[in-house]
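Subject: Structure for you to look at

Hello,

Here is the structure I said I would hand over. Please open it first and then read my notes below.

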Amino acid sequence: MVERKNYIVVASVISALAVICLHTNDFWTFRYSLGWVVSNFIESVFYFAVPVFFMITGVTLFDFSSRYSTIKFFKKRINKTVIPFLFWSVLAIPFSIFLLNIQYDLSIKNFLSMIFQTKIVQFYWFFIPLFVVYLAIPVFTKMTKNLKIEVFKYCILLTIIINYILPFCFKIFNIEYNPNFVFSIGTGYISYCMIGYLIDNIEINLQHKKIIYGLGIIGFLLLFLGTWILSYHDGMINSIFKEYLNFPACMYSAAVFLFFKDFFNKRELNKIISFFSEETFNVYLLQYFFISYIIVHHSGWFGNVMLRFLAGIVLFVVISILSKLLKKIPGIKYVLPK
């Protein structure tokens, strides 16, 4: 097993915390208030979480063939992601019925649809594009590192221009876009995996870093100020600047990932980061059971924005500790992997 670089460990822990804070944040309920503006700010600050997770995936898996075979790659992915996804999705059904008072049509057809569409645990939407990325990675892994770098540069350039910037500009100017005009290799979240791999494997000079950080600031401002201005104008949430597969999110997330590498790559991991580092994926698996229960039965705990934000931090710590305790149960490693 290859040891992860320090900055990847830090990025994983902070991104896991960011996901919790996004899910406890009340951004999607629009209102003309300072509270919503703060929620929009929190949403925008932590919007990097999912793209950075995919960037980490690119860094850790694109070169897997130097460590093990493709068959072993898929076995590891099934054990670490598919089995936990299925187990906790199924467990969420009785949890939702008995503790959240949600009723389901449990016919076989609807059950399979709910699992595949992640309708039971909507937080698990992330798994479906992740599985697609896993299927795509072996196509690239046999390439030499230098060839991957050259191919990824080309793919990312066309993806950003054709898949992100052009549709974004058409939306801004209210022009109908042809959805068939898309760079297929960079469609979906595989592009973030490529961006992460490039940032990890090439030396970026100071001038290019300034450009990336500058675009990152612009991306953040569009996410925050752009959404604020347009939503206040429309009287409802205008998400034209949102969406992960969009220019603002791409630029902002790439800059955040580069910052992790620049700032944490040569620093020693402190005890806090090390403590939480093995629980980042399990926090993602378990968060639904806590957040949904609190929202249904103790919504007063989330009475204001700052309480929601603090709740996110507290839940991250509590779920991480609980995960470590649960791992002492024989067999639990199959559904709460390391």
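A helix here means a DSSP run of H or I that is at least four residues long, and helices are numbered from the N terminus. With that in mind, Phe 220 and Phe 224 both belong to helix H9, and their separation of 4 residues is about one turn of the helix. Please note that the model is predicted.

Aromatic pairs

How many aromatic pairs does a search of the whole structure find? The search gives 61. I describe two of them here.

One is the pair of Phe 85 and Phe 127, whose centres are 5.0 Å apart and whose planes stand at 40 degrees, so it counts as tilted, the class for angles from 30 to 60 degrees. Phe 85 is in helix H4 (residues 70-99) and Phe 127 in helix H6 (residues 127-141), so this pair ties together parts of the chain that are 42 residues apart in sequence. Both Phe 85 and Phe 127 are buried.

The other is the pair within H9. The ring centres of Phe 220 and Phe 224 are 6.1 Å apart and their planes are at 25 degrees, so this pair is stacked. Are these two rings buried or exposed? Phe 220 has a relative accessible area of 16%, so it is buried. Phe 224 is at 11% relative accessibility and therefore also counts as buried.

Charges over rings

Two lysines sit over phenylalanine rings. The charged end of Lys 242 is over the ring of Phe 27, at 4.9 Å from the ring centre. Lys 324 is over the face of Phe 275, and here the distance to the ring centre is 4.8 Å.

The second largest pocket

The second largest pocket holds about 610 Å³ of space. It is lined by 22 residues, and those closest to its centre are Ile 156, Ile 160, Ile 195, Leu 198 and Ile 212. Which elements give two or more residues to this lining? They are helix H7 (145-172), helix H8 (190-201), helix H9 (206-234) and helix H10 (247-264). H7 gives the largest share, 6 residues. Sorted by class, the lining has 17 nonpolar, 3 polar and 2 charged residues.

Ile 212, one of the residues closest to the centre of this pocket, also appears in a pair with Leu 258: the two are 46 residues apart in sequence, and their C-alpha atoms are 8.3 Å apart in space. Leu 258 lies in helix H10. Its relative accessibility is 1%, so Leu 258 counts as buried.

Buried residues in H4 and H12

Ser 89 is in helix H4, the helix that also holds Phe 85. Ser 89 has a relative accessible area of 4%, so it is buried. Its C-alpha atom is 6.6 Å from that of Ile 120, although the two residues are 31 apart along the chain.

Helix H12 (residues 280-297) includes Thr 280. Thr 280 is buried because its relative accessible area, 9%, is under 20%. What joins the side chains of Thr 280 and Ser 12? A polar contact of 3.1 Å does.

Leu 286 is in helix H12 too. At 4% relative accessibility, Leu 286 counts as buried. Leu 286 and Phe 309 are 23 residues apart along the chain, and their C-alpha atoms are separated by 18 Å.

Two loop residues with positive phi

Asn 101 is not a glycine, yet its phi is positive, about 60 degrees. Where does Asn 101 lie? Asn 101 is in the loop between H4 and helix H5 (108-116). Its relative accessibility is 58%, so Asn 101 counts as exposed.

Glu 243 also has a positive phi in a residue other than glycine, in this case near 80 degrees. Glu 243 is in the loop between H9 and H10. With a relative accessibility of 38%, Glu 243 counts as partly exposed.

Regards

Terms used. Residues are numbered from 1 along each chain as its sequence is written. This is a predicted model: local features need pLDDT of at least 70, side-chain atom pairs count only at pLDDT 80 or more; totals for chains, interfaces and linings use all residues. Side-chain values use heavy atoms; hydrogens and water are left out. On a 1 Å grid over the protein atoms alone, a cavity is a set of points where a 1.4 Å probe fits but cannot get out, and a pocket is an open set with protein on both sides within 12 Å along at least five of seven lines; lining residues have an atom within 4 Å of a point. Grid points are joined across faces, edges and corners, and a volume is the space filled by probe spheres set on the points. Ala, Val, Leu, Ile, Met, Phe, Trp, Tyr, Cys and Pro count as nonpolar, Asp, Glu, Lys and Arg as charged, and the others, Gly among them, as polar. Rings of Phe, Tyr and Trp (its six-membered ring) pair if their centres lie within 6.5 Å; planes under 30 degrees apart count as stacked, over 60 as edge-to-face and the rest as tilted. Buried means under 20% relative accessible area, exposed over 50%, partly exposed in between (1.4 Å probe, protein chains only). A charge sits over a ring if NZ of Lys or CZ of Arg is within 6 Å of the ring centre and within 35 degrees of the ring normal. A polar contact is a pair of N or O atoms within 3.5 Å; within protein, one must be able to donate a hydrogen and the other to accept it, and residues adjacent in sequence count only if both atoms are side-chain atoms.
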